[in-house]
Amino acid sequence: MLRWGPVLLVVLLLAAAVGARQTSWSPAFLAPAPEAAPATAQSPLLPDPPAPAPVAEAVVPGALDPAAVRAAVGQGLRDEDLGPHVVAEVADLVGSEPVLTAGRGPVVPASTTKLLTGVAVLSLLPPETRFRTRVVTGARPGQLVLVGGGDPLLASEPVGPGAYPERADVVTLAERTAQALAADQTAGTRPRVRLRYDTSLFTGPDDNPHWRPDYVGDQIVSRIVPLWVDGGRDDSGWGRVEDPALSAAQRFAEALRESGVQVIGTPRPAVADQTAEEVAAVESAPLDQLVQQMVEVSDNETAEVLAHHAGLAASGEGSFAAGSVAVADALTGLGLDVSGDRIHDGSGLSRKNLISARTLLETVRLAASPEHPELRAVVEGLPVAGFSGSLTTRFVEGPPAGPGRVRAKTGTLTGVHALAGLVTDAGGDVMAFVLAADRVPADRSLDAREALDRVAAGLAGCRCGTAETAGGSGTGG
């Protein structure tokens with residue numbers, strides 16, 4: 001088994017935005033806000049570590065007691081608020097068979113799908129990968145093309161130093177463009193340009209055909225394009241704009257004017273020549289930071305853009321269909337059997353997704369494995385119960401063992417509730433777990449969510465390790 005040290009409880013700032021949670025009834029949520037760089041905010045449940053430790057250390061495998069695990073969760077899994085279809089799996093982190101398997105068949109995974117997306121894209125691209133938004137020369141003199149590079153966090157304004165993840169922005173890009181143009185101008189003259197914008201990096205529909213038709217129309221999620229600012233959200237902070245790429249180009253044109261460039265006419269779509277000269281560029285945060293952000297605040301737009309990048313990396317095609325195939329193929333390449341799963345998007349908004357609890361469990365174990373350090377951002381981004389991300393306000397009124405010890409990706413759609421991640425029990429043993437119910441009665445949604453939280457807290461409160469655990473973690477606190 002692997003033993004998770006107190007570093008499990010290191011969290012991002014407690015004021016982390018919950019972000020775009022997955023609910024099929026919700027209007028639009030505020031954009032995930034830039035945060036200060038991660039602080040070392042320790043839970044009172046464990047002492048501060050004397051020095052930073054690795055996320056996980058290998059210890060003796062096979063250290064979970066199946067009877068103890070069943071006793072911790074058995075009654076909770078039978079809670080009638082969860083409805084007639086509940087699945088659960090609990091295992092140590094070394095790849096042995098789960099010590100608990102409950103329920104049958106795949107489930108609608110909701111936003112726990114993002115775990116698969118994160119693992120897949122990190123297996124296909126280096127964690128340090130950055131996505132460039134470029135300005136290049138156009139087909140005619142005096143023409144510029146703003147080329148979308150698929151930066152999911154490209155901002156409309158500078159976000160200031162210390163933001164985490166860092167953000168590129170179109171104001172900085174405009175300033176760099178103006179400086180480059182000024183260098184070629186006769187003294188005392190203003191550069192004059194016509195602006196075009198290029199979204200050809202992604203292909204296919206920008207609205208997933210496997211989503212409910214009202215998701216984009218009701219501004220629950222943005223159209224998925226490689227060029228936008230603020231995730232395609234309206235500048236009021238609520239709702240999504242109708243044409244994210246055009247809105248980004250208009251904001252860039254405005255910033256160019258503010259930087260002293262004359263912009264003639266209105267931005268129009270175009271495809272830049274591959275040999276066009278680059279005038280200026282900005283780069284996204286590294287991929288591992290983007291994945292952490294996606295997992296922590298459950299950012300649907302970032303998830304879909306990263307799935308498109310997975311498709312580009314795997315097949316050269318950035319689309320919903322190519323991304324879904326790339327995610328499944330990447331997981332297969334990592335040794336998972338996903339033959340019975342159905343993946344139609346990167347975010348989990350599609351109710352046609354069907355994923356087994358075993359696939360989710362093995363995805364968590366892969367991300368936590370010392371053999372795959374390139375995937376570690378997925379588990380580092382897991383929200384901490386009662387402290388960060390989409391678990392900030394959860395577990396606070398349930399069993400006291402939950403806060404700080406449960407670290408899990410949430411999944412929520414109407415009738416669907418899920419948790420998948422890691423939990424440290426009272427003896428210090430760490431388990432990977434999946435809990436999901438996808439036929440929850442509509443009038444019991446909040447009760448079902450609290451029921452799952454109680455089950456996870458039950459794992460946190462138990463002493464589920466056996467005497468063979470290295471260091472005595474099965475007997476000590």
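Where is S111 found? This residue sits in the loop between β5 and α2, and S111 is buried, with a relative accessible area of 1%. Buried here means under 20% relative accessible area, while exposed means over 50% and partly exposed is anything in between (1.4 Å probe, protein chains only). The C-alpha atoms of S111 and V416 are 9.9 Å apart, although 305 residues separate the two along the chain.

Some ground rules before we go on. This is a predicted model, in which local features need pLDDT of at least 70 and side-chain atom pairs count only at pLDDT 80 or more, while totals for chains, interfaces and linings use all residues. Residues are numbered from 1 along each chain as its sequence is written, and side-chain values use heavy atoms, with hydrogens and water left out. As for the element names, helices (H or I, at least four residues) and strands (E, at least two) are DSSP runs, numbered from the N terminus.

Let's go from the loop into helix α2, residues 113-124. Its 12 residues reach 17 Å from first C-alpha to last, close to the 16 Å expected at 1.5 Å a residue; the expected span is 1.5 Å times one less than the number of residues. This helix is mostly covered, with 10 of its 12 residues buried. Among them are T113, K114, G118 and V119.

L115, L116 and L122 of α2 are buried too, and they bring us to the largest nonpolar core. A nonpolar core is a set of buried Ala, Val, Leu, Ile, Met, Phe, Trp, Tyr and Cys residues joined through side-chain atoms within 4.5 Å. This one has 50 residues, and L115, L116, L122, L287, V291 and L422 are those with the most contacts inside it. Helix α9 (residues 357-368) gives the most to this core, with 7 residues. Apart from it lies another core, of 34 residues, including V73, A401, A408 and C464.

Back in the 50-residue core, take a look at L287. Leaving aside residues up to four places away in sequence, L287 touches V121, L122, L125, P126, P127, E128, T129, F131 and L306, where contact means heavy atoms within 4.5 Å.

Now for the sheets. Strands of a sheet pair through backbone hydrogen bonds, either parallel or antiparallel; two strands count as paired if DSSP finds at least two bridges between them. One open sheet has 5 strands in the order β5-β4-β14-β13-β12, with antiparallel pairing. At the edges stand β5 (100-102) and β12 (406-413), each with a single partner strand, so one side of each is left without a neighbour in the sheet. On average, neighbouring strands of this sheet are turned by 5° against each other, direction ignored. The axes behind such angles are lines fitted to C-alpha atoms, for helices over the stretch in contact, and angles run from 0 to 180 degrees between N-to-C directions.

Within this sheet, 8 bridges join β12 to the antiparallel strand β13 (residues 416-424), and K409 stands opposite A420 in β13. Two helices to pick out here are α9 and α11. The first, α9, lies across β4 (86-91), β5, β13 and β14 (430-437), running at about 150° to β14. Helix α11 (residues 445-461) lies across β4, β12, β13 and β14, at about 15° to β13.

Just along the chain from α11, a disulfide joins C462 to C464, with an S to S distance of 1.8 Å. A disulfide is a pair of cysteine sulfur atoms within 2.5 Å, and a search of the whole structure finds 1. The link is left-handed, with -120° about the S-S bond. C462 is buried at 10% relative accessible area, and C464 is buried at 0%.

The other sheet to visit is also open, with 5 strands in the order β10-β9-β7-β6-β11 and mixed pairing. Its edge strands, β10 and β11 (278-283), each pair on one side only. Neighbouring strands here are turned by 20° against each other on average, direction ignored. Between β7 and β9, which run parallel, there are 5 bridges, and V147 stands opposite D198 in β9. Helix α3 packs on the sheet, touching β6, β7, β9 and β11, and its direction makes about 155° with that of β11. Helix α5 packs on the sheet as well, touching β6, β7, β9 and β10, at about 170° to β10.

Finally, α5 itself (residues 244-258) has 15 residues and reaches 21 Å from its first C-alpha to its last, close to the 21 Å expected. Its buried residues include P244, F252 and L256, and α5 is followed by G260, whose phi is positive, near 95°.
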